[in-house]
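This report describes the fold shown below, beginning with how its strands pair. Please keep the structure in view while reading.

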Protein chains: 4
Amino acid sequence: MFIAETNIRVRYAETDQMDVVYYGNYAQYFEVGRVEAIRQLGYSYKDMENSGVMMPVVEMQCKYLRPAHYDDLLTIKTMLRELPEGHRIEFNQEVYNEQGKLLTAGKIVLYFLDMNTRTRTHMPAPLRAALAPFFTQAGS
Amino acid sequence: MFIAETNIRVRYAETDQMDVVYYGNYAQYFEVGRVEAIRQLGYSYKDMENSGVMMPVVEMQCKYLRPAHYDDLLTIKTMLRELPEGHRIEFNQEVYNEQGKLLTAGKIVLYFLDMNTRTRTHMPAPLRAALAPFFTQAGS
Amino acid sequence: MFIAETNIRVRYAETDQMDVVYYGNYAQYFEVGRVEAIRQLGYSYKDMENSGVMMPVVEMQCKYLRPAHYDDLLTIKTMLRELPEGHRIEFNQEVYNEQGKLLTAGKIVLYFLDMNTRTRTHMPAPLRAALAPFFTQAGS
Amino acid sequence: MFIAETNIRVRYAETDQMDVVYYGNYAQYFEVGRVEAIRQLGYSYKDMENSGVMMPVVEMQCKYLRPAHYDDLLTIKTMLRELPEGHRIEFNQEVYNEQGKLLTAGKIVLYFLDMNTRTRTHMPAPLRAALAPFFTQAGS
C-alpha cells in the first residue's frame, strides 16, 4: 500500500454562501492530492502527459461528513491499495482538518489512456518502478 | 417519479488542457439541474434558504462515460424516484450531449438542515405539496 | 457599434461566504457574454478556434459597483465600439441585475492569435463580414 | 513599502483547452497572495472577518503578458506601496514563473467594510500596527 499526504489551504473562492467549502471543489483537492502523491515518488503527472499518457477520471464516489471552512489548512491523504495490472487505477482519498477530523472520503477511479489514440494503455514504467517497492511485501 | 431537464452551455473556463470538461465541474452542472428542477415546480432553492432550510450534499457518486467539450449544449436530466419522508433526499442525475449520448451519470444525496441550528429537518411543505402529485399514482 | 446581451443565472458555486458572487467569477460571465455576442452574429468562437484562430485575453479592467447574489438572473451587455483593424480587439462589458442596476463594468482586450504559430493574426473574415454592417454608418 | 511573496502550484482544473491557466483564475491567485501577505504580518484575513471587518474588491486591473502552464510553481508578489489612511487599500500584484519571467501584473483596490452595517470603515488596528514599520522611513 502506498500512502501520501499533502496540505491545501482553503481559498476564499472555494467557499460558498453556506460558509463552507462548496462540495464540487473537493474534486480539485483530490486532484492535487494525487498529483503530489506522484511527485513524492520522484515522478510527475506532467511527465506522464509529456510521455503521451493521460489519466482521465472515470468514476468518483464522495462522502461529505463534516464541512471545511475558509482558511482551514487541510490534509489530503491519498492511498493506493493495489498496484494496478491493467489500464485501471483506484485511489482512496481522505480530507482532514487541523483537528484531525475526517471531513470527506472519496474513491476515485482513473484510466491510463494513450493521448494520441485515446485508447487504453497501462501505467508508465517509471511510475510502476517507483511504486513497486510499496507492494512487494506479503499482505501489503 | 419526478423528472426535469435543463440545458447548460459548456464555458471555456470549464475545459481543461485535456480539451474536455474538467471532471470536478459536473458537480456544478448537477447543482444547476437540481435548482432548475425545483424552479419548474414553482418553488426555488433560494426560497427554501430564505425560509431557513438548506440542503448540503452528503454523498455524490459519479460515472464519467464520455467527455463533454467546449460549447456543447448539454442536457441535465434530474430524477427524483422517491418522495422523501425524512431529512434525506436522493437524486439521480444524467448529463447528455446534443447527440443524445449519455456523458455522465450521478447519484447525489442531500440532507434538509435547519440553517440556524444546523440540525436535520424535513422537506419544506410548499416543495412537498408541489412534488406530491408526481408520486400519487400506482407504479410511479 | 455592436451591442449584444445575454443572461446568466448565478450558481451556488459562484457565491462565497460574503454571500455575494466571488469577484473572480465575473471573468467567466464576461467570457460567456462575448461568446454569445459572437453567436448572435451567426458565427461562433468554437468555429474560430476550429479555423485556427484563438483569442487570449491580454488585459482586463473591472469595477465592482454592487454585488450579485445567488440565483440572480444577470444580464451581460457586451459592446464593441470599434471594428478592429489589426490583431487587437477591445470589448466593454457590463453586468446588470434584474432591477436594472449596474453591478460590474469591465474592459477586456484580446488578441487574435494563430493557434499553430502563436503569432498575431487578424479577425477571421466571416466574423468581420458579420460585424461590418454595425460600423458602416456615419457616427456609429 | 511592504512586499510579500507566496508560491502557488498550478492545478489541472485551472488550465483550459488553450493549454494555459484560464485568465479568470488569476483573481484567485491574487487573493491567495494578499491573504498570505497578511499572514506573514502575524495577522490573518480570517481574524479580520471574525473581528467584523471584510474587504470586498472594488476594482481590478490585470495585464496578461505570458501564459502560465499546468504544474508551474508560480510566485505571487504582493506589494503595498502606501499605508492607507481611509477605507481604501490598493495592492500591486505580480505573478512570476520558475524562470523568473513576469506573467501577469495586477492592481487591486479593496475597501474595508463593516460586516454588519456594510458601511465603510478603516483598517483594523492590529493590521495597521503590523504594517506601520514598513512605512516609517523617509521616502517609503
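Two strands count as paired if DSSP finds at least two bridges between them. The model discussed here is predicted. In chain A, strand E5 (residues 88-96) and strand E6 (residues 102-111) run antiparallel and are joined by nine bridges. Within this pair, A:Glu94 has A:Ala105 of E6(A) as its bridge partner.

**The sheet**

These two strands belong to an open sheet of ten strands, with antiparallel pairing. The order of the strands is E1(A)-E4(A)-E5(A)-E6(A)-E3(A)-E3(B)-E6(B)-E5(B)-E4(B)-E1(B). Strand E1 (2-9) of chain A and strand E1 (2-9) of chain B stand at the edges with a single partner strand each, so one side of each has no neighbour in the sheet. On average, neighbouring strands are turned by 15° against each other, direction ignored. In a regular strand, side chains alternate between the two faces of the sheet.

In chain B, strand E6(B) takes part in two pairings, which the table sets out.

| Strand pair | Sense and bridges | Residue opposite B:Ala105 |
|---|---|---|
| E3(B) and E6(B) | antiparallel, seven bridges | B:Lys63 |
| E5(B) and E6(B) | antiparallel, nine bridges | B:Glu94 |

E5(B) and E6(B) also form a hairpin, with five residues between the two strands. In the turn, B:Gly100 has a positive phi of about 80°.

**Helices on the sheet**

Which strands does helix H1 (residues 26-40) of chain A touch? This helix packs on the sheet and touches E1, strand E3 (57-64), strand E4 (73-80), E5 and E6 of chain A. Its direction makes about 125° with that of E1(A). In chain B, helix H1 (residues 26-40) lies across E1, strand E3 (57-64), strand E4 (73-80), strand E5 (88-96) and strand E6 (102-111) of chain B. That helix runs at about 125° to E1(B).

**Chain A as a whole**

Chain A contains three helices and seven strands. From the N terminus on, its elements follow the order β-α-α-β-β-β-β-β-β-α. Along its principal axes, the C-alpha trace of chain A spans about 45 × 35 × 25 Å. The radius of gyration of chain A is 16 Å, which agrees with the value near 14 Å that a compact globule of 140 residues would have. Of the 140 residues in chain A, 37% are buried. Among the contacts in chain A with a separation of 6 or more, 71% are between residues 24 or more positions apart.

Technical notes. Residues are numbered from 1 along each chain as its sequence is written. Chains are lettered from A and ligands numbered from 1 in the order in which they are written. This is a predicted model: local features need pLDDT of at least 70, side-chain atom pairs count only at pLDDT 80 or more; totals for chains, interfaces and linings use all residues. Helices (H or I, at least four residues) and strands (E, at least two) are DSSP runs, numbered from the N terminus. Axes are lines fitted to C-alpha atoms, for helices over the stretch in contact, and angles run from 0 to 180 degrees between N-to-C directions. Two residues are in contact if their C-beta atoms, placed from the backbone, lie within 7 Å. The radius of gyration is taken over C-alpha atoms; the globule rule is 2.2 Å times the number of residues to the power 0.38. A residue is buried if 20 or more other C-beta atoms lie within 10 Å of its own, exposed if 12 or fewer, and partly exposed in between; C-beta atoms are placed from the backbone.
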